[in-house]
Every structure is written in C-alpha cells, then in structure tokens.
Amino acid sequence: MAFPRMVFLFLINFFILQTASSSSWQTLHGKPPVVVARGGFSGLLPDSSENAYKMVKLTTSPDVTLWCDLQLTKDGAGICFPNLNLDNASNVKDVYPNHKEWLSVGFTWKELSTVTLEQGVFSRLQIFDDVSNILRIEEVAKLGTSGLWLNIQHSDFYTQHNLSMRNFVLSISSHMKINFISSPDISFLKSVKKDVKPTKTKLIFRFLSQDQIDPFTNQSYASLAKNLTFIKTFSSGILVPKSYIWPVSSDLYLQPHTSLVTDAHRQGLQVFASEFANDAVSAYNYSYDPTNEYLYFIDNGNFSVDGFLSDFPLTPYRAINCFSHLDKKKATKQANITIISKDGASGDFSGGTDLAYEKAVRDGVDFIDCNVQMSKDKIPFCMSSIDLMNSTNVIYTSFRNLSSTVSEIQQGSGIFTFSLTMSEIQTLKPIISNPHRVYGLFRNPRNKNLGKFLTLSEFLLLPNRYSSLSGSLIKIEYAAYLATHQGISIVDAVLYELKRATSQVLIQSTDKAVLIEFKEKGKMTNEELVYAVDEDIHDVADSAIKDIKSFAGSIVISKKSVVPYSEGIARLEKETDVVPRLRSSGLRVYVETFSNEFITQPYDFFSDPTVEIDYFVRGDPEVDGIITDFPATTSRYTKNPCYSKMEQIRTGELVSLANREMLSPAEAPYPQLLDSNVTEPPLPEVRIQPPAPAPAKEDVKSKAKAVQVSSTVRAMVVLVSIFIIV
C-alpha cells in the first residue's frame, strides 16, 4: 500500500531542532538521548507494520531508531513481530484456522506473507487493522535511515527448533545497519559479543520485571541491577522498565528515584528506559502529560537516561529537542495566545478553590476564571457547578436532606448552592472533578479534598496579589431561574462586587440577556463581554454573527466545533470554517476545554495534549485563547524554542490509513448556530420570595444535632468510597 501524502506531519528536512548543547546533557557521553520507536508508531498503528514505521520517519527525524522484535520462520527468514505467538497481533487465525498454535516457527515466510497485522493492544483503535502485511527484517531496514534496534527475546526457543538466532543476526549485520541488539538472555549476548563491533553495534542487556528470574545466573533481575560490574562484561548498556528508575507506589505516586542511572554511568553503561506510552495510566505526578513524564527522566538536575523506547516516538523526540533544559523564568513567550483557566487548575486541585487558582497562576495562566454561584443568603462565590453534589461532599453531610429537582437546571435531583448559606457551604469539603472516571482515569486523589472555596470578593483580590495575571473571567449562568424562583439577582450581586475590582474583568455567559444586563447596568463594553456557545456547531449563520457582535467582543466555542471527530479520529480533511468566520468578523475566539487526559484528544494528535495545543494555536487561522484545566501544559508550550520550526499538522488525513471495512458511517454534522439560538428574552424581574415558615421547636433541636447515619447508608458510603479508590 502506498503511503499517502502526509502534509499534516512535520517536514523533517526543515525541522531543525538544536536547543541544548552536548555539554548540558547528563547522559553517559554527554549527547542527547536516543529515541527508539517500538515497532514503529505502534501506539497508533499496528506494531511492526509498514505504516507504523513510515509514520515515525514522517513525524520525527531520520535520527529516530526503529525497533524490531525479531522472530524467525520455519525456513529461517527473519520477520519483525511483537510476540512469539502470532495470534495476538495479526489475522493468522483467520488465514490458518486449522492450526493448533500460531508460532512463527510453524510457518514458512511464503505462508506468512499473506498474513496482515492488527493492533495488539485492544484499548487502542482497531480501524487500522488488516491493512499492512508482516514485514521481513530486510524490508524494515530500508525504512529506517539511522539504523535498527533488534530485540532478541527468545533465542533458546529457536535453538530448540533447530534455528540459530545467533547465526541469523551475525549474517544480516554484515550488510545491514544495526545500531543496537538487545536481549534478556545473557548467554545469547555472550555468544555474539566477540563477533560484533562495539563501534558499530551496541549490545544491550534487557531487564525484565524485577521479580523474574534470569535463567543464566538464577538471580532475580532486581538482584542483577545491583551487579552492574558483571553486566558490563557482556554489554555496553541496559534497557530497563521505567519503574527501575522512578518507582511508583501502589496508589500511583512517584517514589524517590533510584541511583540506577548514575550507578550504570559510573560503570560505563548506557541506560535506556522502556514502557512509555501516551495512552497508558501513569503516576499522578505527571498530571497526565506525557511530555512531563519524559522530562522527569532527562531534565531532573541529577541524571539523564540515554534513550527511550516508546510507542509514541513523537512525544519523546519533542521532549528532548524542544522542552528539555527550558528555563521557565527566563524563557520568553513565543506564542501569542491567551491562556484561561477552567475553574483554576482543576485538573490538579478541586475546581474553584484557592489552591486551584494558586496552581493556575504558578503554571502561567493569563486569566483566572470564577464560575459564579449564589448562596441562600445571596453571596456570590466561585464553584464549578451549581449542584453541590458535583463539587463537594454534601451528600455525606446533614444537608443531603435538601435534595430537590429543578428541571430548569438539570435532569435529576441535586443539592443546589442556593439552598445553603455561605457559612454552611464553607463547612463542606471540596471534591476534585473526575470527568473521565468511566475510562478509569482519576485526577490526583491526594488533592481531592484540599482547598477552600472563595467568595467572589476574595477571588477578585487575586489579580492584585499576582502581577503575572492579565485579569479575571467571571462566568454567569441560570440568571433567569435565580431571579424568578429564588429571588436572587446574580447580575446585581456581581456588579456590586465589581466595584472593588482593580484589574481587567471579562464577563462570560451562554445567555445573551445576561450580557445585555451587564452592558446596560454596568456600562461594560463589548470588549469586556464573552458569549459562550453551549453546543458543538459546524457553522455560524451571518445573522448570528451580527447578533453576537452587537453585545460581545469574544466568543467561546468547543474543540469539536473546530475539529469534529468520532470514534477517536477526525473525518474531515480540514477544520470547520467556524473559527475563520468568527475571527474575520472581528470577534476574538476562545476554545475549550483542553485537558491532558489522552481520551480527550482525537488520535490525529497522537494522544499528546501538546500536539493538540499546537494545532489550535498555529492553525489557519489561529484561535485567540485556550481554556484549560491543566494550564501548565499550554504555558510550557508557549515558551518552547521549536515554536517557529515545527511544520503545522492537519487532521482528517489519518483516516486514509484506516481499513474502510472497519469504519462506521460518518456521523451527521453538528448543527449551524442560528440567530434564533442566540436570541433570548430579557431577564425577568426579581421576584421577592415569601419567607420560609419557622421550623417547629423539635426540628430546631434535631438540626442542632449531628444527623445519625443509618448502618445501611454507612455501608453504601463505604462501598462507594472503595469503588472510587479502585
């Protein structure tokens, strides 16, 4: 299959990346770490497929090394395949259903030449399956200009089948550029050592899990890691799972790093780290940012590994060349983009709390945001949701009896902020949001109940404390309901607090009537008002644009309104016209929400939030601002020295590599934003609510006491808590 023109990928002939001198690297030889692509770009495409290997060359540079898990066929041909058993990542069972087992030694090369490759990690996209055939090592060698890394995992197995992996490797190394040969088999490495030139090919001892036993020494691999002098006698380096270097606790937090890298360097051994994948759950310390994880291994001030083995080679390639040794204090901002927080740094702390805002400021946000809610005693404060059940532990308190159903706000019951006084709300514990818990992706559990909620008055003082802030963004929703049913004017409450604001303030709402009120009552200009579209759209009518411009200077749209995608992949060859149409009218365009979790990005961005950010920031045309719950990722991106050297990617072309038989029909386009969607009736007058009847004496007494939780409820709470932890 001919590889299609990938104009959306980085043009490596012009991708000149040289950000750190050799002397700045703490690798063994002072050179930048090596990137090794495991089976090509195997995080996206089937491992060891032609397209996976070609994708590496197109997205990175010729310096990236291609990894081949070498297997032998019955007739002695060498193939690249991730497992000894062909069943896991190919359609061999369908081609040869009558076989009892599907090992490579059970087939000749001719028989395997018709077998196609499949994604062996079932949580990844399957739409690229059965497109590429199994490749011989000779074919893979032609795809990698910098050379190959051969991994020999089961040399003894082939010996038992009268095949010599040693002889095969030595034979091809005479006419093929092989940079590295790795194996967990000490006897194999010893057998080839005298026949391999160390200046041409390096022998690497591959460590398996720490509790596994090496058959040659009858020692655990953990024990061997303490005997590096012995390892040096037959290899020039080691390949270890990343946990050998940065151990991770059972609750997914980093432990202090080991001395393995420095110990190995002292013995003259290079250290390569493995098991890196953007779509795998990692330590919470990394905040789901894969670039951040790589930097822990190369830019920690103490040591640097000599290379990475990765399923997503673009990410370590850019981490090394663009984001390492970056002085965040001295680095200048390269990208002209406004960074707006989403309830503060709500990916790391509970949204709307003091700690979330402090983290957002440290991370480099331009505007902090406050999603204004109203308490029963009409005090405006910041909280991500009007339903306390979404942001606090209210369900586990005596206030759980205040649950009610408000169809104007949401389906289903909730405990709403206007049902509690501010002093009562301040007794509640915040809860960190977990929007992707259905995928098993939880946000920092150690921070889940930390922080305190701020009143709007307290929030507006933050720009005075932090000179780096450009201002604040205030979001207002449900104004009509609060006026009609709760006797609260959220607009008046906010305007009163704004009298004390000393820095720039923007007002955002999905309700045109709210923004009109601020324009008329608060004498605010269009430049200070932001209209938010509350649905995904594919186009905007001229009349809608004209209407929005009459009362706002900026607009917030969703990411899918720019790049619509389904089944994890974009179908359109170009983005929608929403951004260019809005910007050409003079509106500033902010896009939300940018998160680090890989599940929030289409695979067109390689499960890398930095690649996604780059697409939106340097698109044609560019957006004006990014709204994010992980502002550190965007802030770091804006200061990277490669900003002007990276070729812009395009979405929608990845689908051309898919197996058409596996693609479901394209979904109907999102609706067009019409003037009728924007138009809203004026806000109703505030209705004075009748005073609540005085509670009976016994009720007062009962409220003064802690509510006794029944044993049944307690059991349910424990079960829910266990489920959350698991």
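Here is a short conversation about a predicted model of a protein and how its descriptions are justified.

Student: What makes the protein as compact as a globular protein of its length?

Tutor: Start with the secondary structure, which comes to 27 helices and 27 strands. The radius of gyration is 29 Å, and the globule rule gives 27 Å for 726 residues; the two values are close, so the protein is as compact as a globular protein of that length. Along the principal axes, the C-alpha atoms fill a box of roughly 90 × 60 × 60 Å.

Student: What share of the residues count as buried, and how much area is exposed?

Tutor: Buried residues make up 56% of the 726. The protein exposes about 31000 Å², with carbon and sulfur atoms supplying 52% of that area.

Student: How are the contacts spread along the sequence?

Tutor: Take the contacts between residues at least 6 apart in sequence: 72% of them join residues at least 24 apart.

Student: Which residues does the GP-PDE annotation cover?

Tutor: The unreviewed UniProt entry places "domain: GP-PDE" at residues 33–320 and 337–638. Over residues 33–320, the chain is 27% helix and 18% strand, and the end C-alpha atoms are 7 Å apart.

Student: Why is helix H12 called largely enclosed?

Tutor: Buried means under 20% relative accessible area. In helix H12 (residues 314–323), 10 of the 10 residues are buried, so H12 is largely enclosed by the rest of the structure. Among them are Arg 318, Asn 321 and Phe 323. The buried residues of H12 pack against strand S1 (34–38), helix H1 (50–59), helix H11 (290–298), strand S12 (307–310), helix H23 (609–617) and H24. Just after H12, His 325 has a positive phi of about 55°.

Student: What makes helix H13 largely enclosed too?

Tutor: Seven of the 10 residues of H13 (residues 354–363) are buried, so the rest of the structure largely encloses this helix. The buried residues include Asp 354, Lys 359 and Asp 363. Their packing partners include strand S14 (367–374), helix H16 (456–459) and helix H24 (631–638). Gly 364 follows H13, and its phi is positive, near 105°.

Student: How do you know that His 265 is buried?

Tutor: The relative accessible area of His 265 is 16%. The cut-off for buried is under 20%, so His 265 counts as buried. His 265 is found in helix H10 (residues 260–266). Leaving aside neighbours within four places in sequence, its contacts are Gln 26, Thr 27, Leu 28, Val 271, Ser 304 and Asp 306.

Student: Why does Ile 557 count as buried?

Tutor: Ile 557 has 1% relative accessibility. Set against the cut-off of under 20%, that value makes Ile 557 buried. Ile 557 lies in strand S22 (residues 554–558).

Student: What does Ile 557 touch beyond residues up to four places away in sequence?

Tutor: Ile 557 touches Val 533, Val 562, Val 578, Val 579, Leu 582, Val 589, Tyr 590, Val 591 and Glu 592. Ile 557 and Glu 592 are 35 residues apart along the chain, and their C-alpha atoms are separated by 6.4 Å.

Student: How far apart are the mean positions of the positive and negative charges?

Tutor: They are 6 Å apart, taken over 71 positive and 78 negative charges.

Definitions and conventions: Residues numbered from 1 in each chain as written. Predicted model: local features only at pLDDT ≥ 70, side-chain atom pairs only at ≥ 80, totals over all residues. Heavy atoms only, no water. Helix = DSSP H or I, 4+ residues; strand = E, 2+ residues; numbered from the N terminus. Rg over C-alpha atoms; globule rule 2.2 N^0.38 Å. Buried < 20%, exposed > 50% of the residue type's maximum accessible area, 1.4 Å probe, protein only. Contact = heavy atoms within 4.5 Å. Areas by Shrake-Rupley, 256 points an atom, 1.4 Å probe, with all protein chains shown as cover. Lys, Arg positive; Asp, Glu negative; His and termini not counted. Charge placed at Lys NZ, Arg CZ, Asp CG, Glu CD. UniProt positions renumbered as here; feature names shortened; annotations may be inferred.
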